[in-house]
Amino acid sequence: MNTHASPLAPEWLAVPEDLSVLQSPMWAAGVEKNDAGEVTIDGIPVSELKARFGTPLFVMSESDFRARARAFKDAFDAAFADICGGVDVYYAGKSFLCTAVAAWVAEEGLRLDTCSGGELAVAARAGIDGANLGLHGNNKSDAEINRALDMKLGRIVVDSLDELERVAKIASGRGETAKVMLRLTPGVHAHTHEFIATAHEDQKFGLSMADDSTEEAGLSAAEEAVAAATSYPSVELLGLHCHIGSQIFEPDGFAVAAEKLLGFLAAMQSKYSIVLPELDLGGGYGIAYTPVDTPRPAAEIAQAMAAVVRSKCSELGIESPRISIEPGRAIVGSTTFTLYEVGTLKTVRVDAPAGEDGPGNVTYPRRYVSVDGGMSDNARPVLYDADYSAILASRDSEAAPQLSRVVGKHCESGDIVVRDVYLPADVAAGDLLAVPGTGAYCWALSSNYNYLARPGVVAVRDGAARLIVRGETEEDLLNRDMGVANV
């Protein structure tokens, strides 16, 4: 087998020694290859899934989802048992949500975080108790706030002074009390893409903790919100919230954010003679999308965060608030792979990278492998330059590895599914490819661009597969088209 890396490949992408090996951190438990080299999940071969449900198709392991959810709940409860009696784990529904997933979340002892009226509707249909729900969002509508109060939500996470006033006014008009947390921006710069880093000042989320953030001298927007919230009879201020970003591997940012918020909480309790009983430290824990990604186990994350909270509370001389977290991607991301069918292939010659040695104009081959989906079922590569991996899923191959770019079928040159991956040189039309790590923010961000129907989602458990989200049909796409107006 040819094991020479292409100079077009990124430095981190090594030529695989064995193209048949599944890199375990990227895949759900129960995903294997059978003797014929075909990918299976809980014993079901992908060819059977293709025959039953078509492609593209999101294939999710229910058992793996439940195990990851339990791992977060158990690990954080154990780590924080002596600090605040355990942790409330809110699954971040924005990563992927349907009624089946909402039910699994509740059955595994987690709560559910939502970001819209639509996500609240899913939670309601799944029968989730409102006390176990939270509502996020920087621009909640009056209808969404009213819906949250109708459902008696356990928390509404308020993002601005304007919104705090609106929530208080709506609750007052109903003669009710809204349970509120204040989302703060602690100024922590997580090492992630600009659009998924959410705790620095120059972005739309949260109340600034900087002293000069409002016109009122000496008060930050965060402190002004605390003062206002405690003055509204229709608001019960539960505590503080922050979220520093997504797909984060290094623990430093979480530690700094926790220390800043605990310090602010202690200062507010002292200044306003109030006790803020809750502190949400958000989510954003990274997963493996490529072989070089090294996600941290839930227990390791929990122990590191508990050590910071324990130490800081001792330093400040305060009782620890009840801690909550919001993992989404870290639970659902690796539970799912997307199954595609290969269509056209072509190879182009690409100029050597800058600094490449060699006489004259040296070029190298890059192979484009087109599949029957693309940016309509995975927008993350075009939105965030996200990297993914892929594997030939339908058969074994002894062919040499060839640097490939997996692309979609949309009329966009940026329609890239996997930017760089080594696949067997004999990949051909009709083969099936599997792209792991697509459980989070792929179906959730899916679209009907070019009038493609969005794929279905199949859940597999104990050797049985069932649809939990039906794939769309052309009839679905046309149902909202009101037709040509009569003139």
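Which residue in β18 does Leu403 stand opposite? In this predicted model, Leu403 stands opposite Tyr422 of β18, and the pairing of the strands around these residues is a suitable place to begin. Strand β17, which covers residues 401-407, pairs with strand β18, residues 416-424, in the antiparallel sense, and six bridges join the two. Strand β17 also pairs with strand β15, residues 363-371, but here the strands run parallel and are joined by four bridges. Within this parallel pairing, Arg367 has Ser404 of β17 as its bridge partner. Because six of the seven residues of strand β17 are buried, this strand is largely enclosed by the rest of the structure. In a regular strand, side chains alternate between the two faces of the sheet.

Salt bridges were then considered, and a search of the whole structure finds 29 of them. One of these is formed by Arg461 and Glu62, whose closest N and O atoms are 3.0 Å apart. This pair links distant parts of the chain, since Arg461 belongs to strand β20 (residues 456-461) and Glu62 to helix α2 (residues 62-84), with their positions 399 residues apart in the numbering. The two partners are covered to unlike degrees: Arg461 counts as partly exposed because its relative accessibility is 36%, whereas Glu62, at 3%, counts as buried because the limit for burial is under 20%. Both residues also belong to a network of salt bridges, in which Glu62, Arg66, Arg70, Glu107, Glu108, Arg461, Asp462 and Arg466 are linked.

A further salt bridge is found between Arg111 and Asp88, with the closest N and O atoms 3.6 Å apart. Here again the pair links distant parts of the chain, Arg111 lying in strand β6 (residues 111-114) and Asp88 in strand β5 (residues 87-92), 23 residues apart. Arg111 is partly exposed, with a relative accessible area of 25%, while Asp88, at 10% relative accessibility, counts as buried.

Asp142 and Arg166 form another salt bridge, and in this case the closest N and O atoms are 2.6 Å apart. Asp142 lies in helix α5 (residues 142-150) and Arg166 in helix α6 (residues 161-174), so the salt bridge ties together parts that are 24 residues apart in sequence. Asp142 is partly exposed, with a relative accessible area of 42%, and Arg166 is likewise partly exposed, with a relative accessible area of 28%.

Two patches on the surface complete the description. A nonpolar patch is formed by Val382, Leu383 and Leu445, which together have about 220 Å² of accessible area. Of these residues, Leu445 is found in the loop between β19 (432-436) and β20, and Leu445 is partly exposed, its relative accessible area being 32%. That value is enough for a place in the patch, because patch residues must have over 30% relative accessible area.

The other patch is negative and is formed by Glu17, Asp18, Asp396 and Glu398. Asp18 is found in the segment before β1 (31-33), and at 38% relative accessibility Asp18 counts as partly exposed.

Methods
Residues are numbered from 1 along each chain as its sequence is written. This is a predicted model: local features need pLDDT of at least 70, side-chain atom pairs count only at pLDDT 80 or more; totals for chains, interfaces and linings use all residues. Side-chain values use heavy atoms; hydrogens and water are left out. A salt bridge is a side-chain nitrogen of Lys or Arg within 4 Å of a carboxyl oxygen of Asp or Glu. Buried means under 20% relative accessible area, exposed over 50%, partly exposed in between (1.4 Å probe, protein chains only). Patches are made of residues with over 30% relative accessible area and no salt bridge: like charges are joined within 9 Å, nonpolar side chains (Val, Leu, Ile, Met, Phe, Trp, Tyr) within 5 Å. Accessible areas come from the Shrake-Rupley method with a 1.4 Å probe; for residues, only the protein chains shown count as cover. Two strands pair if DSSP finds at least two bridges between them. Lys and Arg count as positive and Asp and Glu as negative; His and the chain ends are not counted. The place of a charge is taken as NZ of Lys, CZ of Arg, CG of Asp or CD of Glu.
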